[in-house]
Amino acid sequence: MRNTYKYINVILPLAIPKVYSYRVAEEHWDLIEFGKRVEVPLRNKLYSAIIIEEIEKPDTLHQLRTVRAFIDNESIITDEQYKLWTWMSKYYLATLGEVMNVALPTALKLNSETKLVIRNHVDLVDVELSEKEYLIAEAISIQDELTINQVQDILNQKTVYPIIKSLLDKEILFVKEELKEKFKAKVEDFIKLTDGYSLKDDSMNKAFDLAQRSEKQTRALLSYVQLAQDDPWVRKKDIYNKAHVDTSVINALIKKDIFLKEAKEVSRISNKVIGTQALPELNPHQIKAKREIKTLFETKDQVLLFGITGSGKTRIYIDLIKETIEKGQQVLFLLPEIALTTQIVDRLMHIFDGDIGVYHSKMSNNQRVELWNASLNGKSLIMGARSSLFLPFKNLGLIIIDEEHDPSYKQSDPAPRYNARDTAIYLSKLYKAKVLLGTATPALSTYVNASIGKYGLVKLLERHGDAVLPDIHVVDLKNQYKNKLMQSLFSQPLKEAIDKALASNEQVLIFQNRRGYAPALQCQTCDFHAQCPNCDLSLTVHHYFNQIRCHYCGFRQALPKDCPSCGSDDLNKLGFGTEKIEDEIKHIFPQAKVARMDFDTAKTKKAYQEILSDFKSGATNILVGTQMITKGLDFDNISVVGILVADKILYFPDFKANERAFQLFTQVAGRAGRRKTKGQVIIQTFNPDHPVVKETQHYNYIDFYKRELSERKKFIYPPFFRMINILIKHKKPEIAEQAANWMGKSLKSKLNNRVIGPSVPGIARLRGFYQQQIIIKMEKDAGVLKQVKNLILETNQALKKFDGLKSVRVIVDVDP
């Protein structure tokens, strides 16, 4: 009897340009459903793929492969998610598999682990094997099978493929492919009373009589009684902690038939709340702003809340969140970097009694799966970084994008290289939800949309309570150096301001957007520069680690005492980063307690929170930091903010450099004087007449906006034109150049002067790859954009057909 099949299209979590078709055996027909995962073979490996549709038998010459198994009983994605993935794939020129790979938690993506199995009837004594080969073969014969990871552990080395290949060639082993399910539900032991006992009658007296000879058993029983008031099932470890007992005590009570133990599935989502927090009343400005937002939402789907730093935007968010939840709808609260905004997360945890899902990259894979399922089941409030856009929502009613201007919302690697702000606006349309964008320094594109009426616009230009905006003073570093008024890195006005703050028991923030001790190491004798072997960049000196490091590829080596080139000990550390600033402060202000917040000191959430906790408690007087200190810090006692060198940010080679500089300066300035004490900000610069410095000094966003827009229009930049950046990469510079020249010529033949380049970008070699860049600027026309994208895809596919160019990497960044 011939088998009969149905056919499905699936997405695989791979960068492949099409969906794949598979056949489904008759016994699985009733399981076919959109959004379920299936186990499928591809290129001698097994993958989990997602069903997107059932199809008629494809018209193909080769026989389709068969689905091995159905993994899910129910769909794990929604129709809206698939529509979002499809839109992102088309808009950002990524494959559906690349979107799926970024969207799904790792634990929902199964991986094919290579397992090694020993052949039957093999006698290891009769075969000539090396010591390592024998060690592996013997281990597998004892354990039946090993994964390649386990082989690496046994040999304590990463390179094991030659050894494995030798064993395969000698027919000692064979390879077995098994699909590994990564997600495992968290299980904990729970305790309850057996049927013979109840908290509601005198039967407990008998239980205590049975336990009376053991003080520990009596303590455990008393602790259970206290913990079981709301639920008869009590977590075993809660009894341990309360009664200060161990497993033997619980087991003794189980043996006496007093306790019953059962393993139960529990959630990994932590909603720990300590204490409560009173919610202040809205002030008149906030009441007016909230009323305007709600009125605008009647006719607009997106509203920009332009509120200065310290104006109380979060308080308005809270009211709108509560009202949305009361309607039975979900709220997505987007933050640029969840680890850097713990204050706002903690605040909302207090207000919403911990009933919040927090989704971000630092979570464990299993925590992500649980929050994924919670969102699918209607979790009312989700806070998260850009990846939370991919969660499956049931009834999304409101999206809040806090600090909507922040560049962290843009993903750079891997594909899709999406902007979470723009993607959130598309997501809102799928659910007919509203979007509130909040910031003190709107992105130019956002403010343009608000100015032309595409978005609603609400302004909140008064600080909350008695707080007033700090005074901003600009210090000309040329004059300070000329008149010998500088003390190390500090101008006379900044040093005096810090001295005064410390004398008044007030706190200081020092901003420098460069970590490490010094950005370069140079020999004064032979002019040797410490260069990264993988990138065309100087290595940064890190005294704390006694190393020189590359901040791009991660290369590191010990800090040399002598010049590697000529042997001289006259090595000069050029420039300064946050680590050197911290050292200098300790010398100039010895009475101050100083801390540093950058990627080196605040790698983990715990380390970050400890730094903030010390600063909040007053244990730290001066906090030195990178742009980490510009995000979400809200402390009462900061009276001075110092920006040590504004020029490096202003002159960064990027068309958005001025916009980023204005935003950074304004945001870091906004950390000062957030309560009753009026703060001051001191900007040190070699160019005090730079328009961005002047506009920042006077909080003049409108003048900045008008001037910057006129320059963007003049030089054909967004938001008046669209941009696509194409990066061509290869390990050989001549091949990268050849591919870029061919691609540039092909694109110019159709797009003419819309194409700029190819040219070598600011960093010619990165992570071992030589780079060439092509920029496409085009008019804001949907038809033209579609035509350009199709042409890029066609040109890229044609490029891969040339001999020697198949290994060239082409990275396309839409809206860079």
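In which strand is Pro758 found? Pro758 belongs to strand 31, which covers residues 755-759. The legends below describe a predicted model, beginning with the whole chain and then turning to close-up views.

**Figure 1. Overall dimensions and secondary structure of the protein chain in the predicted model.** The chain contains 25 helices and 34 strands. Its radius of gyration is 31 Å, close to the 28 Å that the globule rule gives for 816 residues, so the chain is as compact as a globular protein of that length. The C-alpha trace spans about 90 × 80 × 70 Å along its principal axes. Buried residues make up 52% of the 816. Of the contacts between residues at least 6 apart in sequence, 74% join residues at least 24 apart. The exposed surface comes to about 39,700 Å², and carbon and sulfur atoms supply 47% of that area.

**Figure 2. Close-up of the largest nonpolar core and the surroundings of Leu747.** In soluble globular proteins, nonpolar side chains tend to be buried together. Here the largest nonpolar core holds 114 residues. Trp85, Ile724, Ile726, Leu747 and Ile776 are the members with the most contacts inside this core. When neighbours within four places in sequence are left aside, Leu747 is in contact with Ile726, Asn752, Val755, Ile774, Ile776, Leu791, Ile792 and Thr795. A second core, separate from this one, has 30 residues, and Ile293, Phe297, Leu436 and Val458 are among them.

**Figure 3. Close-up of the aromatic pair formed by Phe34 and Tyr82.** A pair of aromatic rings is described by the distance of the centres and the angle of the planes. A search of the whole structure finds 22 aromatic pairs. In the pair shown, Phe34 and Tyr82 have their ring centres 5.8 Å apart and an angle of 65° between the planes, an edge-to-face arrangement. Phe34 is in the loop between strand 2 (20-25) and strand 3 (37-42), and Tyr82 is in helix 1 (residues 79-91), so the pair ties together parts that are 48 residues apart in sequence. Phe34 has a relative accessibility of 23% and counts as partly exposed.

**Figure 4. Close-up of the aromatic pair formed by Tyr91 and Tyr92.** The planes of these two rings stand at 80° and the centres are 4.8 Å apart, so the pair is edge-to-face. Tyr91 and Tyr92 are both buried.

**Figure 5. Close-up of an aromatic cluster and of two lysines placed over rings.** One aromatic cluster is formed by Phe306, Tyr447, Phe662, Tyr701, Phe704 and Tyr705. In a further view, the charged end of Lys777 sits over the ring of Tyr717, at 3.6 Å from its centre. Lys713 lies over the face of Phe720, and the distance to the ring centre is 5.4 Å.

**Figure 6. Close-up of Val127 and Ile172.** Val127 is in the loop between strand 6 (111-118) and helix 3 (131-143). Its relative accessible area is 27%, which makes Val127 partly exposed. Val127 and Ile172 are 45 residues apart along the chain, and their C-alpha atoms are separated by 8.8 Å.

**Figure 7. Close-up of Lys495 and the residues it touches.** Lys495 is part of helix 17 (residues 492-503). Not counting residues up to four places away in sequence, Lys495 touches Gln487, Phe490, Ile588 and Phe589. One of these, Ile588, is 93 residues from Lys495 in sequence and 8.9 Å from it in space, C-alpha to C-alpha.

**Figure 8. Close-up of two cis peptide bonds, Ala415 to Pro416 and Gly757 to Pro758.** Most residues other than glycine have a negative phi, and most peptide bonds are trans. The bond that joins Ala415 and Pro416 is cis, with omega about 0°. Pro416 lies in the loop between strand 16 (396-402) and helix 14 (420-431). The bond from Gly757 to Pro758 is also cis, with omega near 10°, and Pro758 is in strand 31.

**Figure 9. Close-up of Asn505 and Asn546, two residues with positive phi.** Phi of Asn505 is near 60°. Asn505 is in the loop between helix 17 and strand 20 (507-511), and its relative accessible area of 58% makes Asn505 exposed. For Asn546, phi is about 55°. Asn546 lies in the loop between strand 22 (540-542) and strand 23 (547-549). With a relative accessible area of 44%, Asn546 is partly exposed.

Terms used: Residues numbered from 1 in each chain as written. Heavy atoms only, no water. Phe/Tyr/Trp six-rings, centres within 6.5 Å; stacked < 30°, edge-to-face > 60°. Helix = DSSP H or I, 4+ residues; strand = E, 2+ residues; numbered from the N terminus. Buried < 20%, exposed > 50% of the residue type's maximum accessible area, 1.4 Å probe, protein only. Lys NZ or Arg CZ within 6 Å of the ring centre and 35° of its normal. Rg over C-alpha atoms; globule rule 2.2 N^0.38 Å. Contact = heavy atoms within 4.5 Å. Areas by Shrake-Rupley, 256 points an atom, 1.4 Å probe, with all protein chains shown as cover. Core = buried A, V, L, I, M, F, W, Y, C linked by side-chain atoms within 4.5 Å.
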